[in-house]
Amino acid sequence: VQLVESGGGLVQAGGSLRLSCAASGRAFSNYAMAWFRQAPGKEREFVATINWSGRSTTAADSVKGRFTISRDNAKNTVYLHMNNLKPEDTAVYYCAPVRGVYDSSPITDNWGQGTLVTVSS
């Protein structure tokens with residue numbers, strides 16, 4: 001699966017963004033998908049997962065109630081809707097196929113370039 005993330009940018013605290021991850025290659029709809037992020041000087045961390053159908057999702061405690069993951073299998077795309085953004089959300093955001101909606105272990109070494117989200121205070 002090839003992945004291309006987009007939609008990042010500079011936003012003020014309290015603002016919103018929608019990230020997109022376009023996938024190509026093997027059957028996208030077979031996979032649970034996840035968003036991860038990596039802030040400067042920090043390890044990559046899990047943000048949210050979604051199962052193959054889109055009917056089941058999970059999210060990290062730090063983003064619950066603010067971020068929503070969704071997918072459109074007809075468009076081979078997964079989204080991350082981010083509301084009430086905070087400066088600590090500043091990071092490069094990546095998507096990847098994962099083992100399952102309750103297991104965010106990535107099943108690819110072929111990461112996209114990511115998309116940078118910068119939240120100003």
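Strand 4 and strand 5 form a hairpin with six residues between them, and G41 in the turn has a positive phi of about 75°. The model described here is predicted.

Strand 4 covers residues 32-38, and because six of its seven residues are buried, the strand is largely enclosed by the rest of the structure. Strand 4 runs antiparallel to strand 5 and antiparallel to strand 9. In the pairing with strand 5, A34 has T49 as its bridge partner. Towards strand 9, M33 stands opposite P97.

The antiparallel pairings with their bridge counts are as follows.

| Strand | Partner strand | Bridges |
|---|---|---|
| Strand 4 (residues 32-38) | Strand 5 (residues 45-50) | Five bridges |
| Strand 4 (residues 32-38) | Strand 9 (residues 91-100) | Seven bridges |
| Strand 1 (2-6) | Strand 3 (residues 17-24) | Five bridges |

Strand 1 belongs to an open sheet of four strands, in the order 1-3-8-7, with antiparallel pairing. The edge strands are strand 1 and strand 7 (67-72), each of which pairs on one side only. From one strand to the next, the twist averages 15°. Within the pairing of strand 1 with strand 3, S6 has S20 as its bridge partner.

S6 is also among the residues in contact with T115. T115 lies in strand 11, which spans residues 115-120. Its relative accessibility is 8%, so T115 counts as buried. Beyond its neighbours within four places in sequence, T115 is in contact with E5, S6, G7, G8, L19, A91, V92 and Y93. For G8, the backbone nitrogen lies 2.9 Å from a polar atom of the T115 side chain.

Methods
Residues numbered from 1 in each chain as written. Predicted model: local features only at pLDDT ≥ 70, side-chain atom pairs only at ≥ 80, totals over all residues. Heavy atoms only, no water. Helix = DSSP H or I, 4+ residues; strand = E, 2+ residues; numbered from the N terminus. Buried < 20%, exposed > 50% of the residue type's maximum accessible area, 1.4 Å probe, protein only. Polar contact = N/O pair within 3.5 Å; in protein donor to acceptor, adjacent residues only side chain to side chain. Contact = heavy atoms within 4.5 Å. Pairing = 2+ DSSP bridges. Axes fitted to C-alpha atoms, helices over the stretch in contact; angles between N-to-C directions.
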